[in-house]
Amino acid sequence: MSYLQICLCFLVLAGAFALVSLGILLMRSSTAIKEVGEITEDLKVTVSKANVTLDDVNYKLDQLNAPVEAVNGFFVRRQEKTGILGTIINIKDMIFGVHSND
């Protein structure tokens with residue numbers, strides 16, 4: 001065998017090794033991509049559950065805010081409503097929970 005044939009054998013063996021290595025890399029990459037897709041689906045479910053929980057918390061906080069504002073209405077005087085008519089409107093606001101835009 002000549003040096004040229006030995007070099008060609010090494011070159012062919014190196015190419016075969018590179019192709020086998022590339023095939024293994026692509027198979028593992030496809031498995032990793034499939035797992036990332038599954039994790040993404042799980043993440044979407046988790047985020048939707050978190051959104052529902054946050055909506056519930058916001059709703060409960062809004063419900064708690066109305067009594068706090070009603071109690072606050074006893075201690076904070078509004079300057080724009082004065083006299084008997086203003087007092088009647090303030091009592092109506094505290095009872096029915098209707099608030100003006102200040």
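**Exercise 1. Classify E41 and K44 by exposure, then describe how their side chains meet.**

Solution. Step 1: E41 is partly exposed, with a relative accessible area of 46%, where partly exposed lies between buried (under 20%) and exposed (over 50%), using a 1.4 Å probe and protein chains only. Step 2: K44 reaches 53% and counts as exposed.

The model is predicted, so local features need pLDDT of at least 70 and side-chain atom pairs count only at pLDDT 80 or more, while totals for chains, interfaces and linings use all residues. Residues are numbered from 1 along each chain as its sequence is written, and side-chain values use heavy atoms, with hydrogens and water left out.

Step 3: the two side chains form a salt bridge, at 3.9 Å from N to O; the term requires a side-chain nitrogen of Lys or Arg within 4 Å of a carboxyl oxygen of Asp or Glu. Step 4: both residues belong to helix α1 (residues 3-75) and are three residues apart, about one turn of the helix. Step 5: a search of the whole structure finds one salt bridge.

**Exercise 2. State the secondary structure and the overall exposure of the chain.**

Solution. Step 1: the chain has two helices and zero strands. These are DSSP runs numbered from the N terminus, with helices (H or I) of at least four residues and strands (E) of at least two. Step 2: 4% of the 102 residues count as buried. Step 3: the exposed area of the chain is about 9,300 Å², and 70% of it comes from carbon and sulfur atoms; areas follow the Shrake-Rupley method with a 1.4 Å probe, and for residues only the protein chains shown count as cover.

**Exercise 3. Identify the nonpolar patch and place two of its residues.**

Solution. Step 1: M1, Y3, I6, F10 and L13 make a nonpolar surface patch of about 680 Å². Such a patch joins nonpolar side chains (Val, Leu, Ile, Met, Phe, Trp, Tyr) within 5 Å, from residues with over 30% relative accessible area and no salt bridge; like charges are joined within 9 Å. Step 2: F10 sits in helix α1 and is exposed at 58%. Step 3: M1 lies in the segment before α1 and is exposed at 74%. Step 4: leaving out residues up to four places away in sequence, M1 touches I6 and C9, contact being heavy atoms within 4.5 Å.

**Exercise 4. Determine whether C7 and C9 are paired or unpaired.**

Solution. Step 1: the structure holds zero disulfides, a disulfide being a pair of cysteine sulfur atoms within 2.5 Å. Step 2: for C7, the nearest cysteine sulfur is that of C9, 9.3 Å away, and C7 is in no disulfide. Step 3: C9 is likewise in no disulfide. Step 4: C9 is partly exposed, at 40% relative accessible area.

**Exercise 5. Compare the sequence and spatial separation of A66 and M94.**

Solution. Step 1: A66 is part of helix α1 and, at 40% relative accessibility, is partly exposed. Step 2: A66 and M94 are separated by 28 residues in sequence and by 9.1 Å in space, C-alpha to C-alpha.
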